[in-house]
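Please open the model in your viewer and keep the sequence beside it, since each stop on this tour begins with something to select.

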Amino acid sequence: MTDVRPVRSRLTDTLGVDIDPELLSLALTHRSYAYEHGQIPHNERLEFLGDSVLGQAVTVMLYTRYPDLDEGTLAKRRAGLVSTVALAEVARAIGLGEHLLVGRGEELTGGRDKDSILADTTEALIGATYLSAGQDAATGLVLRLVEPLLADPERFGAAIDPKTSLQELAVALGRPTPAYSVTATGPDHDRTFTATVVVGDLAALGTGSSKKQAEMTAALKAWHELSGRA
């Protein structure tokens with residue numbers, strides 16, 4: 001079996017935190033892997049904890065950093081920063097996908113790059129940081145993760161509302177209006193949606209657990225391509 005410790009060490013170095021090794025492994029364990037390995041524990045409880053820590057840290061940061069923004073604008077920005085699309089973008093920026101433990105089925109269907117899995121694992125890592133090093137360390141991690149979005153207003157706007165940002169960019173570049181199509185697979189209780197967005201000669205795909213999420217994922221990928229940030 002390959003020794004994963006150096007890989008995990010690279011991840012904690014990237015995150016800038018010391019996470020208990022067992023909690024780190026748990027945070028990186030998707031339920032699909034757990035089910036294939038004798039129903040071992042997986043990361044969903046840590047995800048639940050991390051979601052709360054994330055929300056509080058982002059709320060306080062936005063409130064203090066933007067004293068002139070009204071409640072509605074703050075709420076919209078918070079929703080964007082904690083969204084599945086934004087968290088998945090953060091996860092890709094730190095190379096999180098290579099560290100995941102996913103089941104064979106997810107491996108074969110691109111699970112390491114699925115927005116939902118990447119976003120959930122990011123929250124689980126925040127939860128593991130909270131338990132390992134406390135609230136201040138977890139809050140610091142959240143702020144470091146979201147800072148790249150805040151430092152780039154265009155990218156931040158795209159993470160909040162990818163479809164609107166893509167449409168505005170298409171107009172600015174003289175491109176046709178983005179056109180979306182969506183397909184769905186799987187049983188009713190576990191549907192996977194795949195969206196395709198076409199902007200002239202550019203096409204981008206996105207998947208998600210809902211039509212909206214799939215379209216947002218596709219729109220963000222197309223926005224990156226058109227803006228030269230892919």
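In which helix is Thr 12 found? Before you look, keep in mind that this is a predicted model. Select residues 5–15, which make up helix H1, and you will find Thr 12 within that stretch. Now ask of this residue: is Thr 12 buried or exposed? With a relative accessible area of 13%, Thr 12 is buried, because buried means under 20% relative accessible area. If you set aside the residues up to four places away in sequence, Thr 12 touches Val 17 and Leu 24, so display those side chains as well.

**The loop between H3 and H4**

Next, select the loop that lies between helix H3 (31–36) and helix H4 (44–65), where Ile 40 has its place. Gln 39 sits in the loop between H3 and H4 too, and its backbone deserves a pause, for Gln 39 has a positive phi of about 60° although it is not a glycine. How do these two residues stand with respect to the surface? Gln 39 is exposed, with a relative accessible area of 57%, whereas Ile 40, at 30% relative accessibility, counts as partly exposed. Leaving aside neighbours within four places in sequence, show the residues in contact with Ile 40, which are Thr 29, Tyr 33 and Ala 34. Then draw a line from the C-alpha of Ile 40 to that of Val 171: the two are 131 residues apart in sequence and 50 Å apart in space.

**Helices H8, H9 and H10**

Move on to helix H8 (residues 115–133) and helix H9 (residues 135–151), and colour them separately. Two packed helices are described by the angle between their axes and the distance between the axes. For H8 and H9 the angle is about 150° and the axes are 7 Å apart, which makes H8 roughly antiparallel to H9. Their crossing is right-handed. To see the contact, show Thr 122, Leu 125, Ile 126, Thr 129, Tyr 130 and Ala 133 on H8, together with Gln 135, Ala 137, Ala 138, Leu 141, Val 142 and Leu 145 on H9. By class, this contact of H8 with H9 has 9 nonpolar and 3 polar residues, and no charged ones.

Keep H9 on display and add helix H10, residues 153–160, whose axis comes within 5 Å of the axis of H9 and crosses it at roughly 110°. H9 and H10 are therefore roughly perpendicular to each other. The H9 side of the contact is made by Pro 148, Leu 149, Leu 150 and Ala 151, and the H10 side by Pro 153, Arg 155, Phe 156 and Ala 159. The residues of this contact of H9 with H10 divide into 7 nonpolar, no polar and 1 charged.

**The sheet**

Now select the strands. In what order do the 3 strands of the open sheet lie? The order is E1-E2-E3, and the pairing is antiparallel. E1 and strand E3 (202–208) stand at the edges, each with a single partner strand, so one side of each is left without a neighbour in the sheet. From one strand to the next, the twist averages 20°.

Look first at strand E1 (residues 179–185) and strand E2 (residues 192–199), which pair in the antiparallel sense over 7 bridges; as an example, Ala 179 has Val 198 in E2 as its bridge partner. E1 and E2 form a hairpin with 6 residues between them, and in the turn Gly 186 has a positive phi of about 95°. On the other pairing, 7 bridges join E2 to E3, and these strands run antiparallel. There, the bridge partner of Thr 194 is Thr 207 in E3.

Then add helix H12 (residues 211–227), which packs on the sheet and touches E1, E2 and E3, its direction making about 145° with that of E3.

**Helices H11 and H12**

For the last stop, leave H12 visible and select helix H11 (residues 162–172), which packs with H12 at an angle of about 35°, the axes being 8 Å apart. H11 passes H12 in a left-handed crossing. Among the residues that make the contact, show Leu 166 and Leu 169 of H11, and Ala 219, Leu 220 and Trp 223 of H12. Taken by class, the residues of the contact of H11 with H12 divide into 9 nonpolar, 2 polar and 2 charged.

Note on methods:
Residues are numbered from 1 along each chain as its sequence is written. This is a predicted model: local features need pLDDT of at least 70, side-chain atom pairs count only at pLDDT 80 or more; totals for chains, interfaces and linings use all residues. Side-chain values use heavy atoms; hydrogens and water are left out. Two strands pair if DSSP finds at least two bridges between them. Helices (H or I, at least four residues) and strands (E, at least two) are DSSP runs, numbered from the N terminus. Axes are lines fitted to C-alpha atoms, for helices over the stretch in contact, and angles run from 0 to 180 degrees between N-to-C directions. Angles under 35 degrees count as roughly parallel, over 145 as roughly antiparallel, 65 to 115 as roughly perpendicular and the rest as oblique. A crossing is left-handed if the near helix is turned anticlockwise from the far one by less than a right angle, and right-handed if clockwise. Contact means heavy atoms within 4.5 Å. Ala, Val, Leu, Ile, Met, Phe, Trp, Tyr, Cys and Pro count as nonpolar, Asp, Glu, Lys and Arg as charged, and the others, Gly among them, as polar. Buried means under 20% relative accessible area, exposed over 50%, partly exposed in between (1.4 Å probe, protein chains only).
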